[in-house]
Amino acid sequence: MMHKICPRCGSRKVKWIIPQNWSQWVCYDCDYTGPVIEGNDDLAEEIHENYLKSKNKKNKND
Ligand SMILES: [Zn+2]
């Protein structure tokens, strides 16, 4: 099954905020705003894992 998912963190907690602008979405998990993508649970999980990895990498460098 396909869902709207956040392209940054893979969350499905995204909401369409501006009815006049189909490409403006907000993600409640990572504060991303912009266009979302459509994908299945496998894709969402893959994006989420990459997101966590890049987040850990960034923390290490800080
Ligand atoms: Zn997100």
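**Briefing: a 62-residue predicted chain**

Arg8 is partly exposed, because 19 other C-beta atoms lie within 10 Å of its own (20 or more would make a residue buried, 12 or fewer exposed, anything in between partly exposed, with C-beta atoms placed from the backbone). What we have here is a predicted model, in which local features need pLDDT of at least 70, side-chain atom pairs count only at pLDDT 80 or more, and totals for chains, interfaces and linings use all residues. Residue numbers start from 1 along each chain as its sequence is written. The secondary structure comes to one helix and five strands (DSSP runs numbered from the N terminus: H or I of at least four residues for a helix, E of at least two for a strand).

**Overall picture**

- Going along the sequence, the pattern reads β-β-β-β-β-α.
- Along the principal axes, the C-alpha atoms fill a box of roughly 40 × 25 × 15 Å.
- Of the 62 residues in the protein chain, 15% count as buried.
- Take the contacts between residues at least 6 apart in sequence: 44% of them join residues at least 24 apart (a contact means that two C-beta atoms, placed from the backbone, lie within 7 Å).

**Confidence**

- The mean pLDDT of the protein chain is 92, and 94% of its residues reach 70 or more (pLDDT is the predictor's confidence in each residue, from 0 to 100).
- Among the elements, strand 3 has the highest mean pLDDT, at 97, while helix 1 (residues 41–61) has the lowest, at 89.

**The sheet**

- Three strands make an open, antiparallel sheet in the order 2-3-4 (strands pair if DSSP finds at least two bridges between them).
- Strand 2 (14–16) and strand 4 (33–34) stand at the edges with a single partner strand each, so one side of each has no neighbour in the sheet.
- Strands 3 and 4 pair in the antiparallel sense over two bridges.
- Within that part of the sheet, Val26 stands opposite Thr33 in strand 4.
- As a general reminder, strands of a sheet pair through backbone hydrogen bonds, either parallel or antiparallel.

**Cys27 and the core**

- Cys27 sits in strand 3 (residues 25–27), and it counts as buried because it has 21 C-beta neighbours inside 10 Å.
- Leaving out residues up to four places away in sequence, Cys27 touches Cys6, Arg8, Cys9, Ser11, Lys13, Val14 and Tyr32.
- Glu46 is 19 residues from Cys27 along the chain, and their C-alpha atoms are separated by 17 Å.
- The largest nonpolar core has seven residues, namely Ile5, Cys6, Cys9, Val14, Trp25, Cys27 and Val36 (such a core is a set of buried Ala, Val, Leu, Ile, Met, Phe, Trp, Tyr and Cys residues joined through C-beta atoms within 7 Å).
- Ile5 is another member of that core; with residues up to four places away in sequence not counted, its contacts include Val14, Val36, Leu43, Ala44 and Ile47.
- In soluble globular proteins, nonpolar side chains tend to be buried together.

**Loop residues**

- Arg8 lies in the loop between strand 1 (3–5) and strand 2.
- Apart from neighbours within four places in sequence, Arg8 is in contact with Cys27, Cys30, Tyr32 and Tyr51.
- Arg8 and Val36 are 28 residues apart in sequence, yet 8.9 Å apart in space, C-alpha to C-alpha.
- Asp31 is in the loop between strand 3 and strand 4, and it is exposed, because 10 other C-beta atoms lie within 10 Å.
- Asp31 has a positive phi of about 65 degrees although it is not a glycine.
- For context, most residues other than glycine have a negative phi.

**Helix residues**

- Asn56 lies in helix 1 and counts as exposed, because it has 9 C-beta neighbours inside 10 Å.
- Asn56 and Ala44 are twelve residues apart in sequence, and 18 Å separates their C-alpha atoms.
- Lys58 is found in helix 1, and with 9 other C-beta atoms within 10 Å it is exposed.
- From C-alpha to C-alpha, Lys58 and Thr33 are 20 Å apart, with their positions 25 residues apart in sequence numbering.
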